Amino acid sequence: MRRFAVLLVLAAVALAVLLGAPFVGPTEISLESVLQGPRAGGAARIFWTIRVPRVAVAFLAGMGLAVSGMAFQAMFRNPLATPFTLGVASGASLGAAAYLYASAALAVAWPAGLPVAAFCGALAAVGLVYGLTRLRKGFATDTLLLAGVAVAFFFSSLIVCLQYLSDPFDSFRILRWLMGGLSDTVGYRGVWTLGPLALLGSALIGSFTRELNLLTTGEDLAASRGVAVGRVKHLLFFGASLTVGGVVSVCGPIGFVGLMSPHICRLLTGPDHRTLTPATLLFGGAFLVVCDTLARAAFPLYSRLTAGALDYTEVPVGVITALLGGPFFLYLLLRGGRRAT
Amino acid sequence: MTPLLEVRDLTCRLGGKPILHEVSFEVQEGEFLSVLGPNGSGKTTLLRCLMGLVPFDRGRVRLAGRALSAYRRRALARLASYVPQAMGDAPEFTVHAFVLMGRYPHLSPFTSTRSEDEAAVRDALQATDTQRFADRTLPTLSGGERQAVYIAAALAQGARLLLLDEPTTFLDPLHAANIGRVLAHLNRDKGVAVVNVTHDINRAALSSHRVLALRGGRVAFHGGPAELMAAGVLESIYGKPFLYAAHPQNGRPVVVPEEAQP
């Protein structure tokens with residue numbers, strides 16, 4: 001069974017990545033110092049309060065984005081669908097931009113404000129898209145896609161407006177947030193925020209593997225086979241929104257993982273969502289951890305030069321995901337892919 | 001005896017446009033009904049109404065004595081299956097995997113495939129003569145092969161009523177004849193009732209028990225094949241003259257193309 005072999009390899013790779021990634025970074029960390037526990041200070045402290053939560057958030061985010069992208073691609077029968085297709089990312093970005101603008105203008109700062117504002121923005125976008133679709137009765141896929149695109153454009157112009165109104169420093173903070181990244185992850189708050197949302201959303205999507213298979217053959221056919229298409233789509237939509245809302249509120253919009261991971265896994269395991277879903281979860285998680293580790297490790301000198309000043313000297317992880325994933329995906333495409341299972 | 005399918009005064013509008021108007025007919029258990037009619041006469045919408053895929057405004061549809069609206073999707077799928085019009089892009093599933101997906105209404109969410117599901121798939125592949133390419137993926141099949149696979153999947157569903165939307169329209173004569181043979185086999189030997197939307201008047205006249213014809217969303221004809229071929233009937237359905245000839249094998253009337261006037 002080739003599919004199970006692929007799953008096994010992916011699981012082993014994901015485990016290796018999870019165990020290895022926290023040891024990579026500007027500061028050398030030895031196994032002995034880590035075993036002293038987080039209270040030991042020094043390297044152990046960096047390991048337990050910065051590296052481990054960051055790797056955990058990266059894995060959860062990559063996993064959630066990938067599986068949401070997979071669900072949208074199946075649901076819309078559109079290979080270009082991403083977790084951000086329905087405007088979730090632009091909603092979150094608008095929330096974050098509004099918070100950054102307002103906190104600068106009012107000179108108040110609330111540490112949890114940014115993720116909360118981003119999450120509210122994501123929910124607002126989802127609610128708006130969903131509401132627009134409801135207005136037209138039914139839950140037509142094309143309407144949903146178009147409404148998502150329209151809302152995304154609308155929110156993007158609002159963000160540009162806010163940037164224009166902000167002073168250059170705040171404008172740059174907004175821009176930097178829009179690039180997405182994990183460099184702000186310190187401590188476990190991100191893990192506790194994202195963990196439940198990503199796990200719940202992914203589990204919800206993962207409970208519909210047969211339905212996802214049938215949806216890829218067409219909605220009419222799925223319905224005629226006994227799938228309650230409307231209800232399943234609502235729940236998939238809900239699961240993906242929870243997940244993606246959680247991800248963007250903690251890490252900002254990280255592109256590419258959600259678009260490419262499902263395609264890469266489809267080339268590896270075939271189109272059956274019963275194996276594709278676990279493969280996508282593992283691949284997406286491991287892939288983002290690797291990319292974030294590169295973002296952290298590839299420029300240690302540069303960030304050391306500015307250490308203590310500004311924290312955006314790391315390359316945004318979205319840049320790495322695209323730089324790494326793009327060529328790999330092209331390679332898989334050009335190789336012709338081992339279709340079928 | 002209660003008919004398997006009973007349609008009374010079915011009226012359906014889509015986007016404010018009337019598509020079907022007071023359509024009434026019945027399908028008995030094991031009956032082969034062909035549905036004819038010009039393009040845009042509402043044939044596809046009729047099938048979609050019968051599968052509960054579009055809501056209808058008035059009238060009632062009863063399946064095995066129960067109102068269509070009283071069925072849950074799964075229960076409906078165990079009774080009636082549907083082969084939509086040929087679709088452009090096929091997903092990358094293997095034929096076997098795709099036909100197995102027809103067992104969906106019989107599977108509970110947490111069980112895996114049982115031996116009876118595998119048996120149903122094997123039977124369906126055999127009945128449609130598609131077991132030869134069970135391991136190939138759908139996009140690698142020709143149109144005719146793919147159509148047979150869609151029928152196999154509908155068959156694996158285990159339904160007593162099979163609704164087909166123009167299964168032979170895009171097929172060459174050989175493959176169209178194959179599909180015709182498969183449908184006749186299912187109907188005669190497996191007792192599956194068939195509602196087959198088609199433009200093939202001759203095949204409808206030769207191989208169905210009854211024929212329903214729609215024109216402008218209304219029933220233009222409902223009766224046996226002999227009545228269909230009576231003078232003036234086809235003309236009233238399609239609004240064009242037809243030439244008739246006797247079938248060389250059995251002498252029954254068939255339509256033949258006119259020679260183009262110089």
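**Why these words? Questions about a two-chain model**

Modeller: Let's start at Phe256(A), which lies in the loop between helix 11 (229–251) and helix 12 (257–269) of chain A. Helices (H or I, at least four residues) and strands (E, at least two) are DSSP runs, numbered from the N terminus. This is a predicted model, where local features need pLDDT of at least 70 and side-chain atom pairs count only at pLDDT 80 or more, while totals for chains, interfaces and linings use all residues. Residues are numbered from 1 along each chain as its sequence is written, and chains are lettered from A and ligands numbered from 1 in the order in which they are written.

Biologist: Thanks! Why is Phe256(A) called buried?

Modeller: A residue is buried if 20 or more other C-beta atoms, placed from the backbone, lie within 10 Å of its own, exposed if 12 or fewer, and partly exposed in between. Phe256(A) has 24 such neighbours, so it is buried.

Biologist: And what makes Ala64(B) partly exposed?

Modeller: Ala64(B) has 15 C-beta neighbours inside 10 Å, so it counts as partly exposed. This alanine sits in the loop between strand 4 (58–63) and strand 5 (66–67) of chain B.

Biologist: What is notable about the phi of Phe256(A)?

Modeller: Phi of Phe256(A) is positive, near 80°, though the residue is not a glycine. Ala64(B), also not a glycine, has a positive phi of about 50°. Most residues other than glycine have a negative phi.

Biologist: How do you know that chain A agrees with a compact globule?

Modeller: The radius of gyration is taken over C-alpha atoms, and the globule rule is 2.2 Å times the number of residues to the power 0.38. For 341 residues the rule gives a value near 20 Å; chain A has 20 Å, so the two agree. Chain A has 15 helices and 0 strands, and buried residues make up 50% of its 341 residues.

Biologist: Why is helix 4 of chain A called oblique to helix 5 of chain A?

Modeller: The axes of helix 4 (residues 88–106) and helix 5 (residues 113–135) of chain A come within 6 Å and cross at roughly 140°. Axes are lines fitted to C-alpha atoms, for helices over the stretch in contact, and angles run from 0 to 180 degrees between N-to-C directions. Angles under 35 degrees count as roughly parallel, over 145 as roughly antiparallel, 65 to 115 as roughly perpendicular and the rest as oblique. The crossing angle therefore makes helix 4 of chain A oblique to helix 5 of chain A.
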